[in-house]
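The exercises below each begin with a task and continue with a solution that goes step by step. Please keep the sequence and the model at hand while working through them.

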Amino acid sequence: MQLCVVGLGRMGGNIARRLMQGGHRCVVYDRDPKAVEDVTRYGATPLGGLQDLAKALKAPRTVWIMLPAGAPTDETIAELADILEAGDTVIDGGNSFYKDDIRRAAALKPKGITYVDAGVSGGVWGLTRGYCMMIGGEAAVFERLDPIFKTLAPGPGDIPLTKRSDDADPRAVEGYIHAGPVGAGHFVKMVHNSIEYGLMQAYAEGFDILRKRDLASLPEAERYDLNLTDIAEVWRRGSVISSWLLDLTAQALAGDARLAGYTGAVDDSGEGRWAIDAAIEEAVPVNVLTAALFARFRSRETHTFGEKLLSAMRFGFGGHVEGAVKD
């Protein structure tokens with residue numbers, strides 16, 4: 001298929017590259033000329049500006065946006081609304097708020113432009129591993145765009161298959177689903193990210209306990225000088241708490257057991273906050289998810305070893321660089 005990818009950052013550029021590796025034709029745009037240059041080396045066609053989009057693609061056109069949530073995405077969609085035509089589709093693959101998706105789809109509908117929200121998980125590793133995707137939008141539009149999603153998805157890999165009903169959608173096994181109408185994709189991804197916060201926090205707190213077991217204040221017979229690198233590695237081998245996050249933890253500790261390169265100031269993308277708002281709307285108790293989010297807030301004031309590990313995990317899967325540290 002043919003499509004335009006707008007926003008060529010850590011994930012957008014790799015999404016374009018994976019699509020081209022799968023035989024799709026990509027035209028690309030980013031305000032940073034260097035980002036455009038990096039992707040065109042792999043066969044993408046650069047756009048001088050979004051105004052050139054209508055001529056660069058044949059109808060029906062598809063535009064995949066990978067931009068920060070909020071104003072940057074809103075402004076780009078508003079610009080595209082004046083360029084695209086009835087039958088064209090905008091896909092927002094960023095971490096947008098699901099209620100913004102509903103608003104945007106409603107604004108585009110009178111023009112006949114369809115809107116799809118794609119919750120995308122895979123971070124900087126998606127180019128080689130593929131991207132897990134949770135997609136919202138009209139079913140017919142999802143089916144038309146299926147070749148794009150199938151190319152980006154990781155496929156079944158070597159994960160043992162779950163016993164599922166005969167009429168289950170096989171695409172879940174491939175690593176992507178049609179979650180429901182507009183907003184459903186980003187809603188599911190929002191909860192996914194909130195769970196991610198909780199899992200990361202559990203690892204961080206556990207390793208903090210292990211690290212401090214040699215404190216002088218403890219009875220001498222109960223002090224242990226534990227090798228965190230070895231513990232992370234052995235837990236990867238048959239343990240019930242093995243996971244990709246633990247893999248990243250082991251890699252970080254093997255590189256520097258003290259994590260001296262991290263301050264421990266842990267940012268949040270906003271999705272953890274939105275998930276808690278949704279839980280309040282639904283009267284669902286989310287003790288762990290709330291505590292994990294609040295721990296990130298506190299980490300920006302003072303930092304523990306566990307928070308350095310959180311930061312190391314975020315860098316490992318998403319290339320997230322720590323923000324400014326408060327004095």
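**Exercise 1: Strand β1 and its neighbours**

β1 and strand β2 (residues 25-29) pair in the parallel sense over 5 bridges, where helices (H or I, at least four residues) and strands (E, at least two) are DSSP runs numbered from the N terminus, and two strands pair if DSSP finds at least two bridges between them. This is a predicted model, in which local features need pLDDT of at least 70, side-chain atom pairs count only at pLDDT 80 or more, and totals for chains, interfaces and linings use all residues. Residues are numbered from 1 along each chain as its sequence is written, and side-chain values use heavy atoms, with hydrogens and water left out.

Task: determine which residue in β2 is the bridge partner of V6, and describe the surroundings of β1.

Solution. Step one: the partner of V6 in β2 is Y29, while V5 is bridged to V28. Step two: between β1 and β2 the chain passes through helix α1 (residues 12-21), and this β-α-β crossover is right-handed (with the strands pointing away from the viewer, the path from the first strand over the helix to the second runs clockwise). Step three: β1 also pairs with strand β4 (residues 62-65), in the parallel sense and over 3 bridges, with V63 as the partner of C4. Step four: 5 of the 5 residues of β1 (residues 2-6) are buried, so the strand is largely enclosed by the rest of the structure; buried means under 20% relative accessible area with a 1.4 Å probe, protein chains only. Q2, C4 and V6 point one way from β1, and L3 and V5 point the other way.

**Exercise 2: From β2 to β3**

Task: state how many bridges link β2 and strand β3 (residues 45-46), and trace the connection between them.

Solution. Step one: β2 and β3 pair in the parallel sense over 2 bridges, and V27 stands opposite T45 in β3. Step two: the chain crosses from β2 to β3 through helix α2 (residues 33-40), in a right-handed β-α-β crossover. Step three: 4 of the 5 residues of β2 are buried, so β2 is largely enclosed by the rest of the structure.

**Exercise 3: Two packed helices**

Task: describe how helix α4 (residues 71-81) and helix α5 (residues 98-108) are arranged.

Solution. Step one: their axes, which are lines fitted to C-alpha atoms over the stretch in contact, come within 11 Å and cross at roughly 15 degrees, with angles running from 0 to 180 degrees between N-to-C directions. Step two: α4 and α5 are therefore roughly parallel to each other, a label for angles under 35 degrees. Step three: T73, D74, I77 and A81 in α4 meet R103, R104 and L108 in α5, contact meaning heavy atoms within 4.5 Å.

Methods:
Buried < 20%, exposed > 50% of the residue type's maximum accessible area, 1.4 Å probe, protein only. Parallel < 35°, antiparallel > 145°, perpendicular 65-115°, else oblique.
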